[in-house]
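Me: I'm new to this one. Can you walk me through it?
Reply: Sure, let's look at it together.

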Amino acid sequence: MTSFIQPSFPTQHMGVARVESAVKSLQGNFDSTKGLTAMLLAAMVSSLVVVADQWIDTWADGHLMVAWASLWLVGFVALGLFAGAARNVAQTTVSSLNAWSHRVAQQRADERMWVIAKSDPRVMADLMAAQEKGAR
């Protein structure tokens, strides 16, 4: 009498599956403009706070609480004023970089296709036919 054993072992490690699902969920939610906006906003606010600190230091002789409160007020007002501008600059920068990388990728693909077309007459004939069809 013969008996067959068919064990069912997992084909993928559970830890690997969790990491892959976490990476997929992070890739879907990633927005590069948010990070750039935060960095631009931090740079704008910090430069304004440094200038305000220098200005407050000249007239706050011994009044540290007033100087501290004024500096925080300047920081929060700067956050409110520059948030929209930083967001707009970040969105413009990211969209122009995306357009630039798309143009570079398209140019490289065209160059590769042309190299292939030079060595393969069938591809060259297809390109010529497409070019004639587009000229009509």
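Me: Start with Met14. Is Met14 buried or exposed?
Reply: Met14 is exposed, because its relative accessibility is 55% and the cut-off for exposed is over 50%. Keep in mind that this is a predicted model.

Me: Which helix holds Met14?
Reply: Met14 sits in helix H1, which covers residues 14–29.

Me: And how far is Met14 from His63?
Reply: Their C-alpha atoms are separated by 61 Å. Along the chain, Met14 and His63 are 49 residues apart.

Me: New topic. How many residues does H3 have?
Reply: Helix H3 has 56 residues, from 64 to 119. From first C-alpha to last, H3 reaches 77 Å. That is close to the 82 Å expected at 1.5 Å a residue.

Me: Where does H3 bend?
Reply: At Phe82, by about 45°.

Me: Which residues of H3 are buried?
Reply: Among them are Ala67, Ser70, Gly75 and Ala78. Further along, Ala86, Ala90, Val94 and Ala117 are buried too.

Me: What covers them?
Reply: The cover for the buried residues of H3 includes helix H2 (32–59) and helix H4 (121–135).

Me: What about Phe76, buried or exposed?
Reply: Phe76 is exposed, because its relative accessible area is 52%. Phe76 belongs to helix H3 as well.

Me: Which residues form the nonpolar patch with Phe76?
Reply: Met65, Trp68, Trp72 and Leu79 join Phe76 in that surface patch. Together the five have about 600 Å² of accessible area.

Me: Why would residues a few places apart on a helix point the same way?
Reply: An α-helix has 3.6 residues a turn, so residues three or four places apart point the same way.

How values were computed: Residues are numbered from 1 along each chain as its sequence is written. This is a predicted model: local features need pLDDT of at least 70, side-chain atom pairs count only at pLDDT 80 or more; totals for chains, interfaces and linings use all residues. Side-chain values use heavy atoms; hydrogens and water are left out. Helices (H or I, at least four residues) and strands (E, at least two) are DSSP runs, numbered from the N terminus. The expected span of a helix is 1.5 Å times one less than its number of residues. The bend at a residue is the angle between axes fitted to the seven residues ending there and the seven starting there. Buried means under 20% relative accessible area, exposed over 50%, partly exposed in between (1.4 Å probe, protein chains only). Contact means heavy atoms within 4.5 Å. Patches are made of residues with over 30% relative accessible area and no salt bridge: like charges are joined within 9 Å, nonpolar side chains (Val, Leu, Ile, Met, Phe, Trp, Tyr) within 5 Å. Accessible areas come from the Shrake-Rupley method with a 1.4 Å probe; for residues, only the protein chains shown count as cover. A salt bridge is a side-chain nitrogen of Lys or Arg within 4 Å of a carboxyl oxygen of Asp or Glu.
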